[in-house]
Amino acid sequence: MAECIAGDITPTDNVSKEEKHRMEDDAMKHLTSLLSEDMKKEIYELWEEYEYQSSEEAKFVKQLDQFDMILQAFEYEELEKKPGRLQEFYDSTKGGFHHPEMVQLLSCLNTDRNAKIAANSPETQDLEINDLETSTTSKSS
């Protein structure tokens, strides 16, 4: 919720964790000030639970949020046809996935991404060109 005011702060923004927390805390205080007292307290406490990772649910939601970020990075890499270009987003989530379903999703994404990176590497492109030349030469013989 805080992102709607503070913005979606990414690893490339070079904002410290402390500053990010302060900005999001200010945003949550503003947003919850628009609510009744009981709702204000509940919503702010849920946000703090997420922010401080003080429950299993909060930890799972954090993993979903991190996965969403790298999935978007993956989609941007595909859109730009530059696999591997947004590695810093992946690096920022290293060690952050523990829930079995999230680990499985991450594994699938990494497998797909690594295949695209390998297929786009200069060595692979040289092999593809050589294969094409070989098949063309074979057909003309």
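The largest pocket of this predicted model has a volume of about 1,100 Å³. Three elements each give two or more residues to its lining, namely α2 (17-32), α3 (37-51) and α4 (56-80), and the largest share, 9 residues, comes from α4. In total 33 residues line this pocket, and those that lie nearest its centre are I9, K20, Y50, K62 and D65. Sorted by class, the lining of the largest pocket is made up of 16 nonpolar, 8 polar and 9 charged residues.

From the pocket one can step back to the chain that forms it. The chain holds 7 helices and 0 strands, so that its pattern, read along the sequence, is α-α-α-α-α-α-α. Of its 141 residues, 23% count as buried, and the accessible surface of the chain comes to about 9,800 Å², with 56% of that surface belonging to carbon and sulfur atoms. When contacts in the chain between residues at least 6 apart in sequence are considered, 52% of them join residues at least 24 apart.

Confidence in the model should be kept in mind while reading it. The average pLDDT of the chain is 87, and 87% of the residues score at least 70. Over residues 127-141, however, the pLDDT is below 50, and this stretch has 1 contact in the model beyond near neighbours in sequence.

The second largest pocket has a volume of about 160 Å³. Its lining draws at least two residues from each of α5 (87-91) and α6 (100-120), and α6 supplies the largest share, 5 residues. The residues that line the second largest pocket are Q87, Y90, T93, K94, G95, F97, L106, N110, R113, N114 and I117, and by class they divide into 4 nonpolar, 5 polar and 2 charged.

Helix α4, already met as the source of the largest share of the lining of the largest pocket, is also a useful guide to contacts made across the sequence, and three of its residues can be followed in turn. Q66 is found in α4 and counts as buried because its relative accessible area is 15%, which falls under the 20% cut-off. Leaving aside neighbours within four places in sequence, Q66 is in contact with S92, T93, G96 and F97; of these partners, T93 and F97 are also named among the residues that line the second largest pocket.

F74 has its place in helix α4 as well, and with a relative accessible area of 7% this residue is buried. Its contacts, again leaving aside neighbours within four places in sequence, are with Y90, L109, D112, R113 and K116, and Y90 and R113 appear among the residues lining the second largest pocket. The C-alpha atoms of F74 and N110 are separated by 9.5 Å, although these two residues are 36 residues apart along the chain; N110 is likewise one of the residues in the lining of the second largest pocket.

The third residue, F60, is also found in helix α4, but F60 is partly exposed, because its relative accessible area of 28% lies between the 20% and 50% limits. Once neighbours within four places in sequence are left aside, F60 is in contact with H99 and M102. From F60 to Y50 the C-alpha to C-alpha separation is 9.3 Å, with their positions 10 residues apart in sequence numbering, and Y50 is one of the residues that lie nearest the centre of the largest pocket.

Two loop positions deserve a separate look for their backbone geometry. N14, in the loop between α1 (3-6) and α2, has a positive phi of about 55° although it is not a glycine. At 73% relative accessibility N14 counts as exposed, because that value is over 50%. K81, in the loop between α4 and α5, likewise has a positive phi of about 55° and is not a glycine, and with a relative accessible area of 67% K81 is exposed.

Conventions: Residues numbered from 1 in each chain as written. Predicted model: local features only at pLDDT ≥ 70, side-chain atom pairs only at ≥ 80, totals over all residues. Heavy atoms only, no water. Helix = DSSP H or I, 4+ residues; strand = E, 2+ residues; numbered from the N terminus. Buried < 20%, exposed > 50% of the residue type's maximum accessible area, 1.4 Å probe, protein only. Contact = heavy atoms within 4.5 Å. Areas by Shrake-Rupley, 256 points an atom, 1.4 Å probe, with all protein chains shown as cover. 1 Å grid on protein atoms, 1.4 Å probe; cavity = no way out; pocket = protein on both sides within 12 Å on 5 of 7 lines; lining within 4 Å. Points joined across faces, edges and corners; volume = space filled by probe spheres on them. Nonpolar A, V, L, I, M, F, W, Y, C, P; charged D, E, K, R; others polar. pLDDT = per-residue confidence, 0-100.
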